[in-house]
Amino acid sequence: MDIEIRKEEENDYYETEAMTRRAFYNVYNLGCVEHLVVRKLRKHEDYLPEFSRVALVDGKIAGLIMDRLY
């Protein structure tokens, strides 16, 4: 198993939202909205993209870390 952590790039956005949707689908209620929270956070004025990281396992996105000013 090959694990890599790197800075998130704009071309990762679709896959990170899809991964979030798969992770939370039907967990707390029918469907999910967590992937929309990820999208909304990226558009927030306090979002810090320079701190966002993705975790890849064997070249596929398996995790996401995001941050913003509070």
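**Note on the predicted model: sheet, helices and loops**

1. V54 stands opposite L64 in β3. The model is predicted, and this pairing is a good place to enter it. V54 also has a partner in β1, where R6 stands opposite V54 in β2. One position further along, A55 stands opposite G63 in β3.

2. Now the sheet as a whole. It is open, has three strands, and follows the order β1-β2-β3 with antiparallel pairing. The edge strands are β1 (3-7) and β3 (60-65), and each pairs on one side only. Neighbouring strands are turned by 25° against each other on average, direction ignored. In general, strands of a sheet pair through backbone hydrogen bonds, either parallel or antiparallel.

3. Next, the bridge counts. Five bridges join β1 to β2, and these strands run antiparallel. Five bridges also join β2 (residues 53-57) to β3, again antiparallel.

4. Which residues of β2 are on its covered face, and which on its uncovered one? V54 and L56 make up the covered face. R53, A55 and V57 make up the uncovered face. For the two β2 residues matched with β3 above, this splits the pairs: V54, opposite L64, is on the covered face, while A55, opposite G63, is on the uncovered face.

5. A helix lies over this sheet. Helix α1 (residues 13-24) lies across β2 and β3. The helix runs at about 80° to β3.

6. The helix pair comes next. Two packed helices are described by the angle between their axes and the distance between the axes. Here, the axes of α1 and α2 (residues 34-43) come within 7 Å and cross at roughly 145°. On the α1 side, the contact is made by Y13, T16, E17, T20, R21 and F24. On the α2 side, it is made by E34, H35, V38, R39 and R42. By class, the contact has three nonpolar, three polar and five charged residues.

7. Why do the buried residues of α2 fall on the same side of the helix? The residues in question are H35, V38, L41 and R42. They cover an arc of only 120° around the axis, which puts them on the same side of α2. The general background is that an α-helix has 3.6 residues a turn, so residues three or four places apart point the same way. What covers the buried residues of α2 includes α1 and β3. The face turned away from the buried side carries the exposed residues V37, K40 and K43.

8. E17 deserves its own check. This residue lies in helix α1. Is E17 buried or exposed? E17 counts as buried because its relative accessibility is 8%, and buried means under 20%. Its side chain makes a polar contact with the side chain of R42, at 3.0 Å. R42 is itself among the buried residues of α2. Leaving aside neighbours within four places in sequence, E17 is in contact with H35, V38, R39 and R42. H35, V38 and R42 are also listed as buried in α2.

9. Two backbone angles are worth a look. Phi of N26 is near 60°, a positive value in a residue other than glycine. N26 lies in the loop between α1 and α2. N26 counts as partly exposed because its relative accessibility is 43%. The other case is D58, with phi near 50°, again positive in a residue other than glycine. D58 is placed in the loop between β2 and β3. The hairpin of β2 and β3 has two residues between the strands.

10. Last, the start of the chain. Where is D2 placed? D2 is in the segment before β1. D2 and L56 are 54 residues apart in sequence, yet 8.0 Å apart in space, C-alpha to C-alpha. Leaving aside neighbours within four places in sequence, D2 is in contact with L56, V57 and D58. Two of these contacts are familiar from the points above: L56 is on the covered face of β2, and D58 has the positive phi in the hairpin.

Note on methods:
Residues numbered from 1 in each chain as written. Predicted model: local features only at pLDDT ≥ 70, side-chain atom pairs only at ≥ 80, totals over all residues. Heavy atoms only, no water. Pairing = 2+ DSSP bridges. Helix = DSSP H or I, 4+ residues; strand = E, 2+ residues; numbered from the N terminus. Axes fitted to C-alpha atoms, helices over the stretch in contact; angles between N-to-C directions. Contact = heavy atoms within 4.5 Å. Nonpolar A, V, L, I, M, F, W, Y, C, P; charged D, E, K, R; others polar. Buried < 20%, exposed > 50% of the residue type's maximum accessible area, 1.4 Å probe, protein only. Arc of directions from axis to C-beta. Polar contact = N/O pair within 3.5 Å; in protein donor to acceptor, adjacent residues only side chain to side chain.
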